[in-house]
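Let's take a walk through this structure together, starting at one of its loops and working inwards. Have the sequence and the model open side by side as you read.

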Amino acid sequence: VQLQAYGGGLVQPGGFLRLSCAASGSIFNPTIMGWYRQVPGKQRELVAMVTNTGTTTYADSVKGRFTISRDKAKNTMYLQMNNLKPEDTAVYYCAAPIGVAGKVSVSTNWGQGTLVTVSS
């Protein structure tokens, strides 16, 4: 299975973007999928995750602004990001399957990353 993340770009503070993560190669329905982000020189952090029953979890820094979802029929996961802030600037990665609390393993597939830049 390959994951392809796209939808990043340059946006002004207060703006919005929607990231997509498309799975290809085979039917893909992992129990938990997630979005991570990383800034150069800093650790990768879990942004949000969603189970195959629709349960979602968010990092405190994005609660109320980001919404994660998945469309099983399209083998695609989304991250709607509203009211973006400069501190949201990072490379965003999708990953699946992931474990409870966002733990990754050797079985985790990663998208190639998409850059989100929030700047005026």
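Start with Pro-97, which you'll find in the loop between strand 9 and strand 10 (109-110). Keep in mind as we go that this is a predicted model. The peptide bond joining Ala-96 to Pro-97 is cis, with omega at about -10°. Most peptide bonds are trans, and most residues other than glycine have a negative phi. That second habit is worth remembering for the next stop.

Stay in the loop between strand 9 and strand 10, since Ala-101 sits there too. Ala-101 isn't a glycine, yet its phi is positive, about 65°. Is Ala-101 buried or exposed? Its relative accessibility is 62%, so Ala-101 counts as exposed, the cut-off for that being over 50%.

Now hop over to the loop between strand 7 and strand 8, where Asn-75 lies. Here's another residue other than glycine with a positive phi, this time near 55°. Asn-75 has a relative accessibility of 17% and therefore counts as buried, because the limit for buried is under 20%.

Asn-75 also takes us to a cavity, as one of the residues that line the largest one. The count of cavities of 30 Å³ or more comes to one, and the largest cavity holds about 50 Å³ of space. Along with Asn-75, its lining includes Phe-28, Pro-30, Met-33, Arg-70 and Met-77. Strand 7 (66-71) and strand 8 (76-81) each give at least two residues to that lining. What is the lining made of, in terms of nonpolar, polar and charged residues? It splits into four nonpolar, two polar and three charged.

Met-77 leads on from the cavity lining to the largest nonpolar core, a set of 27 residues. Met-77 is among the members that touch the most others, together with Trp-35, Val-47, Phe-66, Leu-79, Met-81 and Tyr-92. Plenty of strands chip in: strand 1 (2-6), strand 3 (17-24), strand 4, strand 5 (45-51), strand 7, strand 8, strand 9 (90-96) and strand 11 (114-118) each supply at least two residues of this core. Apart from this core lies another one, of five residues, among them Ile-32, Tyr-36, Ala-95 and Ile-98.

For a close look at the largest core, pick Leu-79. Leaving aside neighbours within four places in sequence, Leu-79 is in contact with Trp-35, Val-47, Phe-66 and Tyr-92, among others. Its contacts also include Leu-17, Arg-18, Leu-19 and Ile-68.

Next comes a charged residue, Arg-37, whose place is in strand 4 (residues 32-38). Is Arg-37 buried or exposed? Arg-37 has a relative accessible area of 6%, so it is buried. Its side chain makes a polar contact of 2.6 Å with the side chain of Glu-45, and another, of 2.9 Å, joins the side chains of Arg-37 and Asp-88. Not counting residues up to four places away in sequence, Arg-37 also touches Val-47, Phe-66 and Tyr-92, among others.

Finish at Lys-63, in the loop between strand 6 (56-58) and strand 7. Its side chain makes a polar contact with the side chain of Asp-60, at 3.1 Å. Lys-63 and Val-47 are 16 residues apart in sequence, and their C-alpha atoms are 9.3 Å apart in space.

Technical notes
Residues numbered from 1 in each chain as written. Predicted model: local features only at pLDDT ≥ 70, side-chain atom pairs only at ≥ 80, totals over all residues. Heavy atoms only, no water. Helix = DSSP H or I, 4+ residues; strand = E, 2+ residues; numbered from the N terminus. Buried < 20%, exposed > 50% of the residue type's maximum accessible area, 1.4 Å probe, protein only. Polar contact = N/O pair within 3.5 Å; in protein donor to acceptor, adjacent residues only side chain to side chain. Contact = heavy atoms within 4.5 Å. 1 Å grid on protein atoms, 1.4 Å probe; cavity = no way out; pocket = protein on both sides within 12 Å on 5 of 7 lines; lining within 4 Å. Points joined across faces, edges and corners; volume = space filled by probe spheres on them. Nonpolar A, V, L, I, M, F, W, Y, C, P; charged D, E, K, R; others polar. Core = buried A, V, L, I, M, F, W, Y, C linked by side-chain atoms within 4.5 Å.
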